[in-house]
Amino acid sequence: MEADVGFERVRSAWQQLGPNARYFTQTPEWIELLAARLDGDVAWGALVVDGRPAAVAVLRRSVRRAAGVKLRILSRIRAGEAHHLAAEGLLDREAFGAHRLRDLLDVCGPWDVMWLVELRAGSPWLELAGAQELVRAEPHGGAGVLDTRPPFGQRWSAVPKNMRNSIRKARSRIDANGGAEIVVARGAEIAAAYERFVELEASGWKAHRAGALADMPHDRGLNGDYLRSCATAQVRSLNLDGRMIAGQLAVTTARTLFLTKIAYDETFAELSPSNVLMAELIEACCEDPAIDRIDCLEWHPWHPRWGMVREPTYSLIAFNRRSLRGLAARAARGGWELANRASTRGSALRPTRRGSERVDA
């Protein structure tokens with residue numbers, strides 16, 4: 001076991017466990033770039049069993065005072081100006097064997113309470129959670145996902161009729177304006193296409209809500225570097241007269257295309273460029289045997305219009321029974337449950353199959 005170490009000493013373990021990644025935020029390529037940008041108190045841990053990496057973790061360390069007691073808290077990493085959740089651990093279940101969740105936490109250094117939110121299906125934290133941990137579905141969380149394994153015709157027929165009609169009319173309007181071109185930038189073309197996307201996004205509504213990459217140097221740099229270094233990255237665009245009027249940033253990990261960012265030119269709103277580009281993306285993914293689904297990372301009201309379903313997210317609280325402060329926090333568990341309910345803004349039930357692929361509409 002390696003306790004309380006920096007990224008340099010867990011890099012090799014992360015690389016060896018890389019094939020187990022289900023989300024791009026677990027991949028060694030992403031973690032390598034993220035690690036160079038993290039500040040504050042960060043815990044890196046690697047659990048090695050019989051010389052074989054079994055699990056790696058990166059968590060944020062903080063101290064909270066509750067009833068006059070200082071509690072050492074472990075939580076998920078948030079990074080960048082947008083404060084998005086930025087990293088997930090990795091697990092080799094076979095190598096991990098009979099070890100428990102607390103064994104992985106212990107290699108991250110001293111702790112009393114772990115409190116994680118927005119955990120996705122397949123998270124190693126959910127897979128390792130046992131009866132002693134508090135796991136709840138987040139009623140207002142979730143992520144929009146679309147199964148692209150069916151043929152496109154079948155998939156498209158499941159899209160609401162009004163949306164299909166809207167796309168048909170938008171395409172006719174685009175043709176009346178001279179037609180548009182779908183461009184997919186990969187490899188060496190990524191850098192220039194990414195900068196065009198950043199410029200497009202900055203011209204729209206996100207710029208007025210401080211959500212554009214152009215206004216977030218950390219997020220802009222991290223996303224740009226990752227897209228340029230990731231072999232499966234692509235910048236998709238709908239171009240009219242050589243001008244990008246809609247754009248998408250995407251990467252593929254474990255047969256899932258993650259749609260990380262979208263933007264469109266509001267001056268061409270009557271052409272519905274973002275919707276047309278989304279329809280083209282769905283068709284491309286349905287026709288690609290290497291892609292099983294599209295994952296939008298979050299849940300938005302417009303997702304059902306595309307036939308997307310809501311995959312739940314979970315929160316997890318664990319108490320360190322080997323520490324007096326952890327035991328004290330566990331004794332006050334009712335307060336933690338109330339706090340957890342408040343953080344998810346509603347009641348939630350313990351999932352019957354933590355980390356399963358069950359999807360809630």
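Which residue forms a salt bridge with glutamate 311? The close-ups below, all taken from a predicted model, start with that pair.

**View 1. Arginine 120 pairs up with glutamate 311.** Arginine 120 is the partner in this salt bridge, and the closest N and O atoms are 2.7 Å apart. Look at where the two sit: arginine 120 is in the loop between β8 and α5 (124-128), while glutamate 311 belongs to strand β16 (residues 309-311), so the bridge ties together parts that are 191 residues apart in sequence. Arginine 120 counts as buried, at 9% relative accessibility. Glutamate 311 counts as buried too, at 0%. The pair also has company: salt bridges with shared partners join Arg120, Arg293, Asp295 and Glu311 into one network.

**View 2. Aspartate 112 meets arginine 72 and also arginine 325.** With arginine 72, the salt bridge spans 2.9 Å from N to O. This one links distant parts of the chain, since aspartate 112 is in the loop between α4 (101-106) and β8 (113-119) and arginine 72 is in strand β4 (residues 69-75), 40 residues apart. The salt bridge between arginine 325 and aspartate 112 spans 3.7 Å, N to O. Here the partner comes from helix α11 (residues 324-331), and the two residues are 213 apart in the chain. So is aspartate 112 buried or exposed? Its relative accessible area is 0%, and under 20% means buried, so aspartate 112 is buried. Arginine 72 is partly exposed at 26%, and arginine 325 is partly exposed at 32%. Across the whole structure, a search turns up 22 salt bridges.

**View 3. Asparagine 239 is tucked into strand β12 (residues 234-240).** This residue is buried, with a relative accessible area of 13%. Its side chain makes a polar contact with the side chain of serine 237, at 3.1 Å. Skip the neighbours within four places in sequence, and asparagine 239 is in contact with Ala180, Glu181, Val183 and Met244.

**View 4. Leu34 and Trp44 touch the most other members of the largest nonpolar core.** That core has 44 residues. Helices and strands that each supply at least two of its residues include α1 (7-17), α2 (28-35), β2 (42-49) and β3 (52-66). Which helix gives the largest share? That's α8, with six residues. Apart from this core lies another one, made of 29 residues, with Leu74, Leu101, Leu128 and Leu316 among them.

Terms used: Residues numbered from 1 in each chain as written. Predicted model: local features only at pLDDT ≥ 70, side-chain atom pairs only at ≥ 80, totals over all residues. Heavy atoms only, no water. Core = buried A, V, L, I, M, F, W, Y, C linked by side-chain atoms within 4.5 Å. Buried < 20%, exposed > 50% of the residue type's maximum accessible area, 1.4 Å probe, protein only. Helix = DSSP H or I, 4+ residues; strand = E, 2+ residues; numbered from the N terminus. Polar contact = N/O pair within 3.5 Å; in protein donor to acceptor, adjacent residues only side chain to side chain. Contact = heavy atoms within 4.5 Å. Salt bridge = Lys/Arg side-chain N within 4 Å of Asp/Glu carboxyl O.
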